[in-house]
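These are my notebook entries on one protein chain. I set down what I looked up, in the order in which I looked it up.

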Amino acid sequence: MYYSIQILIVLFAIGSAYYDFDKSIESHTSRFILRAITVAVLSAIEYTTHPFSFVLNSAIFYAIFDYTYNIFRGNDFFYIGNTAVIDRLWRKFGGMRSQLIFKITLVLIGLILYNL
């Protein structure tokens with residue numbers, strides 16, 4: 001079952017992006033909470049063998065969702081929106097490059113912790 005939960009997280013991120021791509025969303029709070037709970041539940045499945053799985057799984061979801069959402073919307077791959085609070089923060093503090101570096105770093109930290 002090695003990395004099988006992470007495969008589910010990837011599929012969940014892609015499915016979530018597909019579900020959202022044609023909707024106009026004012027508040028992202030309810031979706032954030034629902035998705036965080038889903039990632040937490042999936043992470044709990046492997047908690048006894050990998051106590052840091054939530055860190056890795058959250059990083060994977062975060063890294064994949066935005067870019068997949070952009071593809072489904074027909075936006076540039078690295079497009080950063082204007083509605084979500086996190087998008088407005090990224091626009092204010094560094095933009096696309098900073099966001100990409102952060103996401104890669106987060107996934108790498110998640111992988112290191114996961115494999116301790």
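The entries below deal with salt bridges, the nonpolar core, one tyrosine and the largest pocket.

**Entry 1: the model**

I noted at the outset that this is a predicted model.

**Entry 2: salt bridges**

I asked how many salt bridges the structure has by the rule applied here. The count comes to four.

I began with Asp20 and Arg31, whose side chains meet in a salt bridge at 2.7 Å, N to O. Asp20 belongs to helix α1 and Arg31 to helix α2, so this pair ties together parts that are eleven residues apart in sequence.

I then found that Arg35 and Asp20 also meet through their side chains in a salt bridge, at 2.9 Å, N to O. Arg35 is in helix α2 and Asp20 in helix α1, so the pair ties together parts 15 residues apart in sequence. I recorded that Asp20, Arg31 and Arg35 are thus linked in a network of salt bridges.

Are the members of this network buried or exposed? Asp20 and Arg31 are both buried. Residues under 20% relative accessible area are classed as buried. Arg35 has a relative accessibility of 12%, so it counts as buried. Asp20 has a value of 2%, and therefore counts as buried.

I next looked up Lys103, whose side chain meets that of Asp66 in a salt bridge at 2.8 Å, N to O. This pair links distant parts of the chain, with Lys103 in helix α5 (residues 95-114) and Asp66 in helix α3, 37 residues apart. Lys103 and Asp66 are both buried.

**Entry 3: the nonpolar core**

I recalled that nonpolar side chains tend to be buried together in soluble globular proteins. I therefore looked up which residues make up the largest nonpolar core, and found twelve in all. Among them are Ile5, Ile9, Ala13, Ala17, Val39, Leu42, Phe65 and Tyr114. Helices α1 (4-20), α2 and α3 are the elements that give two or more residues to this core. Its largest share, five residues, comes from α3.

I examined one member, Ala17, in detail. Leaving aside residues up to four places away in sequence, Ala17 touches Phe65, Thr68, Tyr69 and Phe72.

**Entry 4: Tyr67**

I turned to Tyr67, which lies in helix α3. Its relative accessible area is 8%, so Tyr67 is buried. Which residues does Tyr67 touch, not counting those up to four places away in sequence? They are Phe77, Phe78, Gln99, Leu100 and Lys103. Lys103 is also the partner of Asp66 in a salt bridge.

I also looked up the separation of Tyr67 and Leu8. They are 59 residues apart in sequence and 17 Å apart in space, C-alpha to C-alpha.

**Entry 5: the largest pocket**

I looked up the space in the largest pocket and found about 1,000 Å³. Its lining consists of 32 residues, of which His28, Phe65, Asp66, Ala84 and Ile86 lie nearest the centre. Two of these names had come up before: Phe65 is in the largest nonpolar core, and Asp66 forms a salt bridge with Lys103.

Which elements give two or more residues to the lining? They are α2 (29-45), α3 (53-73) and α4 (85-92). Helix α3 gives the most, with nine residues. By class, I recorded 14 nonpolar, eleven polar and seven charged residues in the lining.

**Entry 6: recurring element**

I closed by noting where α3 recurs. It gives the largest share of the largest nonpolar core and the most residues to the lining of the largest pocket.

Technical notes:
Residues are numbered from 1 along each chain as its sequence is written. This is a predicted model: local features need pLDDT of at least 70, side-chain atom pairs count only at pLDDT 80 or more; totals for chains, interfaces and linings use all residues. Side-chain values use heavy atoms; hydrogens and water are left out. On a 1 Å grid over the protein atoms alone, a cavity is a set of points where a 1.4 Å probe fits but cannot get out, and a pocket is an open set with protein on both sides within 12 Å along at least five of seven lines; lining residues have an atom within 4 Å of a point. Grid points are joined across faces, edges and corners, and a volume is the space filled by probe spheres set on the points. Helices (H or I, at least four residues) and strands (E, at least two) are DSSP runs, numbered from the N terminus. Ala, Val, Leu, Ile, Met, Phe, Trp, Tyr, Cys and Pro count as nonpolar, Asp, Glu, Lys and Arg as charged, and the others, Gly among them, as polar. A nonpolar core is a set of buried Ala, Val, Leu, Ile, Met, Phe, Trp, Tyr and Cys residues joined through side-chain atoms within 4.5 Å. Buried means under 20% relative accessible area, exposed over 50%, partly exposed in between (1.4 Å probe, protein chains only). Contact means heavy atoms within 4.5 Å.
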